[in-house]
Amino acid sequence: TVLNTAIPMKLIEKNSKKIFVYNKLQFLWKTTSAMDSLSASQNKIEKAKNESYDIVNDINSIIRIKEYGSINLSMNTQLTSKKGYYLVDNDVIHQDINSSVFINNVSIAYTHSFNSRWSIGISPGLDYVNRVLISDLTSPLSEENFKSYNNLRMEKITPKALITIDYSDKKVETKLISYIGYNNYSFSDISLQTGSFYTTTYLSTQIKLTKRLFMNFLGIYTLQPTNEQNIYNGIIMNNYKYLSIGSDNITTSPTFNLDASIIYKDPLSGWGVSFGGNYTIGRSTLSSRYFVDDFIISEYSDDIAEFSQWDLGSKIEKSFYDIGSKLSFSIKYNEQYSSLNQNGTPYNYRNNTLTPKLEFNGNITRWLNIIYKGQYVYNKYNIEGSYETTQNNTLSQEIKLAFYPHKKLEINISAEHYYNKNNAGTKQQMILADCSIWYYATKKLQFFLHAKNLLNEDKYCFTNISPLQTSHYIYNIRPLNILIGLEYRF
């Protein structure tokens, strides 16, 4: 892999008592290539090359209006262009993709404080997006040369507004934030020209019951259309075996989320306890998955799937001020209901997840700091029909030790432990360890030694489960390696 990156940047800034102006121009160019790489899972020779560039310009100015408020003017302009190709087995599979996106966002914001309790903010704006996607895919699906093309040209104009209202007193703090807008779409190659209203509205409240006891409430309502990046009329190969088909319709999906928690904190003793719950209900587009020969094809369907989830969690923590340390334990249970489509058949499923977590961060002595993070995850899917229930047990632990035996010497030792077991009885376990040593000769000069993979492990394995599919991943990793160097700061 070869990576070339260029980031020239120009900054202009002017600040006074009444006005602040800031402008930032940035250019990024990047090239990546992978030649004759072997896909270990499929034994395929792959070649790929991608080149992209980004031009981004940000302009912000703030005009202060006495002590009552301010006006903010901002414009963000971005041009992104990408082109590349992907080959498998000497051009048996060939894909070329060229894409570009031009974005221009303009907004003006005004904030005003009525008194010490009430304030309001209004920010109207206008977004413009021009997107082009051109692709050409040749692939041996169903023992025949299959060709698919994309020639998508899309324009989107979005008038929008952001409204915020804040209220606070000694006992209650409330904030209302509402993003609203209307997307006007126009497509040149798809018989689709439509518009869609969208909004995301937050209402949060904190109630101070006592000096140490608080209650928090958060409600979120979201109405979002299909992501326009998922709208195209051909097939795209993401990598060997996995392909995707775009959607040809704009579908709006609502979601409602309610979150509540109660928190107790005692700064003097260092104890803290919290308990909370969350409930989410909504609808989303139902993605479909098909199996054709060796290939898996995902389609952004226009069908709607209802989903809901709820979770409960609790956390207890203790701060030890005398040694600058903190110990915490948390546990969370989540249950989710939804459906998916496979080979044209819808399946309802339920997912249960239990996650206890233990963390410690502190100084045992002046010369020793310890950071520990341990987490256990139990994940289970129940799918209606003939598919078996799948479950997975994962334990992951990480510990970092920092020694300071001398003011000019620092030694860091870290270790990770991973254990996994699924319902098929397959077990995976591994331990990784690293060590780093720094010697600070002067304020500007330091020497270092980094030793990676001290136990000389050669593979990294893990398992991921999802509805109707269990995936086992194995990666070859670099053996024990040592890097010695120096760093000088001017």
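# Notebook: salt bridges, strands, cores and a surface patch

I began with charged pairs, and the count of salt bridges in this structure comes to eight. I note at once that the model is a predicted one, and that I kept this in mind for each entry below.

**Entry on the charged pairs.** I looked up Asp-166 and found that it forms a salt bridge with Lys-175, with the closest N and O atoms 2.3 Å apart. Is Lys-175 buried or exposed, or does it fall in between? I found that Lys-175 counts as partly exposed, because its relative accessibility is 33%, and the range for that class lies between 20% and 50%.

I then turned to Lys-400, which forms a salt bridge with Glu-398, the closest N and O atoms being 3.6 Å apart. Lys-400 is partly exposed at 40% relative accessibility, and Glu-398 is also partly exposed, with a relative accessible area of 27%. After this pair I looked for salt bridges that share partners, and I found that such bridges join Lys-315, Glu-317 and Lys-326 into one network.

Within that network, the side chains of Glu-317 and Lys-315 meet in a salt bridge, at 3.9 Å from N to O. Glu-317 counts as buried, because its relative accessibility is 13% and buried means under 20%. Lys-315, by contrast, is partly exposed, with a relative accessible area of 35%. I wrote a general remark beside this entry: side chains of opposite charge can pair when their charged atoms come close.

**Entry on the whole protein.** I next asked how many helices and strands the secondary structure comes to. I found zero helices and 28 strands. Of the 490 residues in the protein, 32% are buried. The accessible surface comes to about 29200 Å², and 57% of this surface belongs to carbon and sulfur atoms. I also looked at contacts between residues at least 6 apart in sequence, and among these 55% join residues at least 24 apart.

**Entry on paired strands.** I followed strand E24 (residues 427-440) and strand E25 (residues 445-452), which pair in the antiparallel sense over six bridges. A hairpin of four residues joins E24 to E25, and I noted that Ile-437 has Leu-449 in E25 as its bridge partner. From E25 I went on to strand E28 (residues 481-488), which runs antiparallel to E25 and is joined to E25 by eight bridges. There I found Lys-452 standing opposite Asn-481 in E28.

**Entry on the nonpolar cores.** Which residues make up the largest nonpolar core? I listed eleven residues in all: Ala-48, Tyr-86, Val-88, Ile-93, Leu-137, Ile-235, Met-237, Tyr-240, Leu-243, Phe-295 and Ile-297. The elements that give two or more residues to this core are strand E5 (69-88), strand E12 (235-239) and strand E17 (295-299). I also recorded a second, separate core of ten residues, which includes Met-154, Tyr-185, Tyr-232 and Ile-250. As a general remark, nonpolar side chains tend to be buried together in soluble globular proteins.

I picked Ile-235 for a closer look and left out residues up to four places away in sequence; Ile-235 then touches Gln-95, Leu-137, Phe-146, Ser-148, Asn-150, Leu-243, Ser-244 and Ile-245.

**Entry on a buried serine.** I found Ser-52 in strand E4 (residues 44-65), and Ser-52 counts as buried because its relative accessibility is 11%, where buried means under 20%. Leaving out residues up to four places away in sequence, I saw that Ser-52 touches Leu-28, Trp-29, Lys-30, Ser-81 and Lys-82.

**Entry on the nonpolar patch.** I then looked at the surface, where a nonpolar patch has about 850 Å² of accessible area together, and its residues include Tyr-264, Trp-271, Ile-316, Phe-320, Ile-331 and Leu-354. The elements that give two or more residues to the patch are strand E15 (271-285), strand E18 (304-320), strand E19 (325-342) and strand E20 (345-365). Which element gives the largest share of the patch? I found that E19 does, with three residues.

I checked two patch residues in turn. Phe-320 has its place in strand E18 and is partly exposed, with a relative accessible area of 31%. Ile-331 lies in strand E19 and counts as partly exposed at 37% relative accessibility. Ile-331 and Leu-312 are 19 residues apart in sequence, and 8.5 Å apart in space from C-alpha to C-alpha. Leaving aside neighbours within four places in sequence, I found Ile-331 in contact with Leu-312, Gly-313, Ser-314, Leu-354, Thr-355 and Pro-356.

How values were computed: Residues numbered from 1 in each chain as written. Predicted model: local features only at pLDDT ≥ 70, side-chain atom pairs only at ≥ 80, totals over all residues. Heavy atoms only, no water. Patch = residues over 30% accessible without salt bridge, like charges linked within 9 Å, V, L, I, M, F, W, Y side chains within 5 Å. Areas by Shrake-Rupley, 256 points an atom, 1.4 Å probe, with all protein chains shown as cover. Salt bridge = Lys/Arg side-chain N within 4 Å of Asp/Glu carboxyl O. Buried < 20%, exposed > 50% of the residue type's maximum accessible area, 1.4 Å probe, protein only. Core = buried A, V, L, I, M, F, W, Y, C linked by side-chain atoms within 4.5 Å. Contact = heavy atoms within 4.5 Å. Pairing = 2+ DSSP bridges.
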